[in-house]
Amino acid sequence: MRKTIIKRIESRVASYVGSFRNDLPKEDMVYVIQKKELCRKRNSEILKCRAEGQILGKNKFDNQIHITYLVHYQFLINQNEKLYLEEYCEERSAIFESNELIKDSEVIKKEEFDFEPLERESDTRESRAFKYNRLEAVRYAERWWNSYNSNYKKFDVDCTNFISQCLHAGGAPMTGQPNRSKGWWMANNNWSYSWSVAHSFRWYLSGSKSGLQAKEVSSPSDLLLGDVICYDFQGDGRFDHTTIVVAKDHDNMPLVNAHTTNSRLRYWNYEDSTAYTPNIKYKFFTIVDHD
């Protein structure tokens, strides 16, 4: 079984940088095509790809064996002679029956929280002057993109929690404690919905008048390092994901870091993601200083 999983990983890696392998399953081929097409649109090319696998768990149910495993991909990408290393870690589930692989797919994690009624802060006395330290926010995003700071709670769907940590590392002040429906904060093993839930965080950024504040901009090219992108993958008004800008590519477009599917220097639009749909909507927020 281990050899079968390794062979599947090797087939994906080879297909990213060359022609499609005959043993590449159709569902994997679709994903590789998406990645290559995104590179083509950006006038970029995958020069090299490598991957490392790690078994996370193994369980037996009746006559089936279920294995969860993690694959850490690294892509060396060339865009107009500018090189960068994109990385992401994909958790997958493989099911074997009579030692034959019958299913191998990405583990999709979704937030289970319903949107909670939130309160806008009308009292700005909690607000204090701060200048957002973008360098520190990016430094934190680079330090922890593929690991977890024990000073904070870890969530199964960790994307917004991670971005909140990055912003706080950049000096963004917390407000609203101890009301979970108010402000943006985490303390004493408790936290606001806006700290950890993607949709609540987007709602908070759209109208915050104290503490962490942001301004929505119309284009991803307007974003600076340390700014934030929110994603509504289905286009249904419910935002599902959050990333932080850590670099810009040759065309001044954002490259982002994220958690859940832990990612580093990933192209901002997520067209190579299994969560992507043609109905996707984005919101672009630049963090603002205040006196």
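**Exercise 1. Work out which residues of α4 are buried, and what that says about the helix.**

Step 1: In α4, the buried residues are Cys 159, Thr 160, Asn 161, Phe 162, Ile 163, Ser 164, Gln 165, Cys 166 and Leu 167. Buried here means under 20% relative accessible area, exposed means over 50%, and partly exposed is in between (1.4 Å probe, protein chains only). Helices (H or I, at least four residues) and strands (E, at least two) are DSSP runs, numbered from the N terminus.

Step 2: Nine of the eleven residues of α4 are buried, so the helix is largely enclosed by the rest of the structure.

Step 3: Look just past the end of α4, and you'll find Gly 171 with a positive phi of about 100°.

A word on the ground rules: this is a predicted model, where local features need pLDDT of at least 70 and side-chain atom pairs count only at pLDDT 80 or more, while totals for chains, interfaces and linings use all residues. Residues are numbered from 1 along each chain as its sequence is written, and side-chain values use heavy atoms, with hydrogens and water left out.

**Exercise 2. Do the same for helix α6 (residues 198-207), then find what covers it.**

Step 1: Go through α6 and pick out the buried residues: Ala 198, His 199, Ser 200, Phe 201, Arg 202, Trp 203, Tyr 204, Leu 205 and Gly 207.

Step 2: That makes nine of the ten residues, so α6 is largely enclosed by the rest of the structure.

Step 3: Now for the cover. It includes α4, α5 (193-196), β7 (214-217), β8 (228-232), β9 (241-248) and β12 (281-287).

**Exercise 3. Find the residues that touch the most other members of the largest nonpolar core.**

Step 1: Get the term straight. A nonpolar core is a set of buried Ala, Val, Leu, Ile, Met, Phe, Trp, Tyr and Cys residues joined through side-chain atoms within 4.5 Å.

Step 2: The largest one has 71 residues, and Tyr 16, Leu 167, Phe 201 and Leu 212 touch the most other members. Strand β2 (residues 64-79) supplies the largest share of this core, seven residues.

Step 3: Zoom in on Leu 212. Not counting residues up to four places away in sequence, Leu 212 touches Leu 167, Ala 172, Pro 173, Trp 184, Phe 201, Tyr 204, Leu 205 and Ile 287. Contact means heavy atoms within 4.5 Å.

**Exercise 4. Compare Tyr 31 and Lys 36: where do they sit, and what do they touch?**

Step 1: Tyr 31 lies in helix α2, and Lys 36 is in α2 (residues 26-41) too.

Step 2: Check accessibility. Tyr 31 is buried, with a relative accessible area of 10%, whereas Lys 36 is partly exposed at 26%.

Step 3: List the contacts, leaving aside neighbours within four places in sequence. Tyr 31 is in contact with Tyr 16, Tyr 88, Arg 266, Asp 272, Ser 273 and Thr 274. Lys 36 touches Ser 15, Tyr 16 and Gly 18.

Step 4: Set sequence against space. Tyr 31 and Ser 273 are 242 residues apart in sequence and 7.7 Å apart in space, C-alpha to C-alpha.

**Exercise 5. Explain why Cys 230 forms no disulfide, and check Cys 49 as well.**

Step 1: The sulfur of Cys 230 is 9.3 Å from the closest cysteine sulfur, in Cys 159, which is too far for a bond. A disulfide is a pair of cysteine sulfur atoms within 2.5 Å.

Step 2: A search of the whole structure turns up zero disulfides. Cys 49 is in none; the nearest cysteine sulfur, that of Cys 39, is 11 Å away.

Step 3: As for accessibility, Cys 230 counts as buried at 0%, and Cys 49 is buried at 13%.

**Exercise 6. Track down the backbone oddities at Glu 81, Asn 189 and Pro 178.**

Step 1: Glu 81 isn't a glycine, yet its phi is positive, about 70°. Glu 81 sits in the loop between β2 and β3 and counts as exposed at 70% relative accessibility.

Step 2: Asn 189 also has a positive phi, near 60°. Its place is the loop between β5 and β6 (190-191), and Asn 189 is exposed, with a relative accessible area of 66%.

Step 3: Finish with the peptide bond from Gln 177 to Pro 178, which is cis, with omega near 0°. Pro 178 lies in the loop between α4 (159-169) and β5 (186-187).
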